[in-house]
There are 2 protein chains.
Amino acid sequence: MNREEDRQARLELMSAIEGGSTFWSHEISVRGSIEVVQRLKSGDYLEHSPSATRRIQQSDGEALRELISNAKALVIIPGDSEWPTQLNDLDAPPIALCLRGVADLRSLALCSIAIVGARAASSYGVRLASEMALQLGERGWNVISGAAYGIDAAAHRGALLSGALTAAVLASGVDQPYPSGHDRLYETICANGVLVSEVLPGVAPTRGRFLVRNRVIAALTRGTLVVEAALRSGSLRTAADALTLNRSVMAMPGPVTSPTSAGCHRLIMEHKAELVTDLSDVLLHIGPLLAENSERVAATNPRDQLTEEEKALLEIFPSRGGTSVEKLMNLSDLPANRILALLGLLATSGFIERDGAGWLLTKQGKA
Amino acid sequence: MNREEDRQARLELMSAIEGGSTFWSHEISVRGSIEVVQRLKSGDYLEHSPSATRRIQQSDGEALRELISNAKALVIIPGDSEWPTQLNDLDAPPIALCLRGVADLRSLALCSIAIVGARAASSYGVRLASEMALQLGERGWNVISGAAYGIDAAAHRGALLSGALTAAVLASGVDQPYPSGHDRLYETICANGVLVSEVLPGVAPTRGRFLVRNRVIAALTRGTLVVEAALRSGSLRTAADALTLNRSVMAMPGPVTSPTSAGCHRLIMEHKAELVTDLSDVLLHIGPLLAENSERVAATNPRDQLTEEEKALLEIFPSRGGTSVEKLMNLSDLPANRILALLGLLATSGFIERDGAGWLLTKQGKA
């Protein structure tokens with residue numbers, strides 16, 4: 001199956017199917033995206049899903065590509081070098097992801113932690129969330145959250161302050177992130193990280209989409225830290241998802257008199273989360289940073305911090321214009337998956353950037 | 001061995017030996033207290049313990065009895081009806097206990113919880129400790145603590161406020177409790193509970209005595225609740241003792257920014273304590289109250305709350321003067337251990353009181 005046909009088919013499926021369905025995930029993995037689109041269009045799933053059938057019959061491939069392009073978005077699918085393979089741990093991985101921003105999601109996610117929590121956070125929680133994100137960022141950890149008011153926003157801001165990358169996983173399209181009060185935050189994340197969504201541009205968030213979005217945050221990250229959460233909080237769902245995925249789940253305690261700490265206390269009480277109070281507790285649970293990234297912490301000249309392998313790969317990049325993984329394979333002795341990993345790391349460090357299906361040197365990469 | 005000879009021998013041992021020694025505990029359980037005193041006096045332990053040998057050779061049985069009597073104290077030993085048999089769970093149970101106050105220690109301890117914590121408690125911790133003690137007291141639970149400043153004192157006060165009984169286990173003699181700033185609290189505990197010590201009247205507290213005292217608090221109670229504790233806190237020792245004894249260990253969280261919650265967080269983090277936030281969490285861990293006591297909660301006329309068995313036992317008490325367990329056995333169909341249990345419960349409820357080796361009706365019991 002051609003990669004671009006697969007991408008186009010998945011784009012059409014995104015327009016017809018809600019994320020998080022194990023039924024569709026199973027169909028796609030067994031039959032492939034193209035056959036599922038064909039069967040949907042010919043009415044084979046009419047009984048199972050009349051709404052999906054109707055929607056795909058109305059979908060227009062060209063219009064969808066325009067929608068993506070107008071939103072300055074990128075669609076990645078399983079098998080792309082930027083696809084975070086951790087997502088395959090999910091029972092129902094996203095069919096595809098829409099991205100908007102500068103960071104390579106796969107590399108960002110490799111050394112990432114989720115920091116989530118209450119929208120109606122207390123000042124205690126907001127301060128903790130931004131401090132934890134800042135300190136983790138300074139140690140080389142990227143922060144992934146949901147860009148909601150309260151804890152999520154504080155976590156993104158702390159990460160940005162540290163100079164680390166941050167990704168916001170949205171329940172809406174990447175072109176109209178929710179809440180709109182965070183417009184400036186979204187622009188900053190785009191310029192210093194990436195917005196991620198499994199719905200198409202233009203799509204509004206729903207309660208259901210918030211819930212299935214949470215599993216993506218849990219799957220992308222090494223662990224989930226709940227800073228503050230009321231007893232009925234979406235972040236408890238993220239924690240439950242992380243637990244199911246065997247990721248670390250951590251929660252910060254607070255005064256027993258604070259309703260926004262009650263969800264954290266419940267998680268700890270039910271042994272669904274480990275209690276953590278500071279950076280060192282968190283590091284204990286999410287484990288060591290990948291060697292490549294930890295060496296970069298406190299780097300002076302970024303290029304000095306590259307491994308010999310990364311430097312060698314940079315050197316075979318053309319000084320002008322893009323290149324492809326295939327060309328890089330021909331010019332190096334490295335296997336494809338190693339090249340993909342190195343590309344991700346070089347992109348995270350700002351030496352290269354995506355250029356359509358290929359890659360090219362950034363200004364820093366040419367220096 | 002005669003009970004009173006045993007008591008006298010243990011009194012002499014208390015004057016010579018520090019509490020908490022497994023060596024002496026073993027010697028006493030194998031040889032009996034009287035033989036251990038004889039061997040100590042004749043120098044058989046001179047090599048092992050020259051100081052204990054010197055002290056017992058200087059001890060004066062008559063003077064010791066006077067010391068106890070002048071302190072208005074009572075000495076109880078294993079086998080006494082008031083001896084809390086839970087203490088036998090310890091590797092080194094107290095040789096004997098000095099008591100001062102009105103409550104029957106055994107009955108009080110049967111439905112008791114330890115509430116302990118930081119001396120330098122925060123206002124948050126002090127409020128929590130007194131509220132938890134008050135609420136537990138209202139549900140029929142007695143509170144045992146160490147009468148220190150901070151959490152301990154707040155726990156005793158909350159218990160007193162609820163009308164529950166409270167016991168303070170001291171590291172000093174019951175006649176000169178430490179700290180002296182708590183003199184009024186001690187008098188209130190004496191009038192509504194009991195002061196407990198495994199050292200003789202006149203003895204000052206030492207660091208070692210505080211530590212071995214903690215195991216008594218842990219052993220007497222169904223569970224230990226640490227409300228606030230710094231990272232190096234004696235209450236963590238009580239928690240460790242309770243864990244060793246398979247008692248419930250509970251800790252309350254607080255702000256991660258509060259040093260007086262750091263010890264609680266550490267206990268939870270290391271899975272040595274369960275996180276609890278309120279009364280219902282605590283009740284979950286310490287289990288149901290004994291039926292006899294829970295029926296008494298919210299009693300109007302105390303006599304109406306007695307079981308038929310308790311009422312029957314009260315009725316065979318002489319209206320004037322004391323009686324003994326032997327006499328009660330003759331007058332009832334009950335076995336000795338059942339009579340002892342009922343006596344403890346009747347004493348806790350204020351219907352009877354100790355009269356030397358026997359028991360007599362209180363004013364309330366005669367009513």
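By what turn, and with what shift along the axis, can chain A be laid on chain B? In this predicted model, a turn of 180 degrees with a shift of 0.0 Å along the axis lays chain A on chain B, with an RMSD of 0.2 Å. The two copies are thus related as by a two-fold rotation axis. The points below cover the axis, the contact between the chains, the nonpolar core and one strand of chain A.

**Symmetry axis**
- Gly254(A) has the C-alpha that lies nearest the axis in chain A, at 2.4 Å from it.
- Both copies use the same surface, since 100% of the contact residues of chain A recur in chain B.

**Contact between the chains**
- Chain A gives 15 residues to the contact, and chain B gives 15 residues.
- On the side of chain A that touches chain B, at least two residues each come from helix 7 (123-138), helix 12 (262-269) and strand 9 (274-275) of chain A.
- Helix 12 of chain A provides the largest share of that side, three residues.
- By type, the residues on the side of chain A that touches chain B are nine nonpolar, three polar and three charged.

**Nonpolar core**
- The largest nonpolar core holds 197 residues, and the members that touch the most others in it are Ile115(A) and Ile115(B).
- With neighbours within four places in sequence left aside, the contacts of Ile115(A) include Ala129(A), Met132(A) and Ala133(A).
- Val143(A), Ser145(A), Ala155(A), Leu225(A) and Val227(A) are also in contact with Ile115(A).

**Strand 6 of chain A and its partners**
- Strand 6 of chain A spans residues 193-197, and five of its five residues are buried, so this strand is largely enclosed by the rest of the structure.
- Strand 2 (residues 97-101) of chain A runs antiparallel to strand 6 of chain A, and four bridges join them.
- Within this antiparallel pair, Val196(A) of strand 6 stands opposite Leu99(A).
- Strand 5 (residues 166-170) of chain A pairs with strand 6 of chain A in the parallel sense, over five bridges.
- Leu195(A) in strand 6 of chain A is the bridge partner of Ala168(A).
- Between strand 5 and strand 6 of chain A, the chain passes through helix 9 (residues 183-192) of chain A, and the resulting β-α-β crossover is right-handed.

Definitions and conventions: Residues numbered from 1 in each chain as written. Chains lettered and ligands numbered in written order. Predicted model: local features only at pLDDT ≥ 70, side-chain atom pairs only at ≥ 80, totals over all residues. Least-squares fit on C-alpha atoms with pLDDT ≥ 70 in both. Contact = placed C-beta atoms within 7 Å. Core = buried A, V, L, I, M, F, W, Y, C linked by C-beta atoms within 7 Å. Buried ≥ 20, exposed ≤ 12 C-beta atoms within 10 Å, placed from the backbone. Nonpolar A, V, L, I, M, F, W, Y, C, P; charged D, E, K, R; others polar. Pairing = 2+ DSSP bridges. Right-handed = clockwise from strand over helix to strand, strands pointing away.
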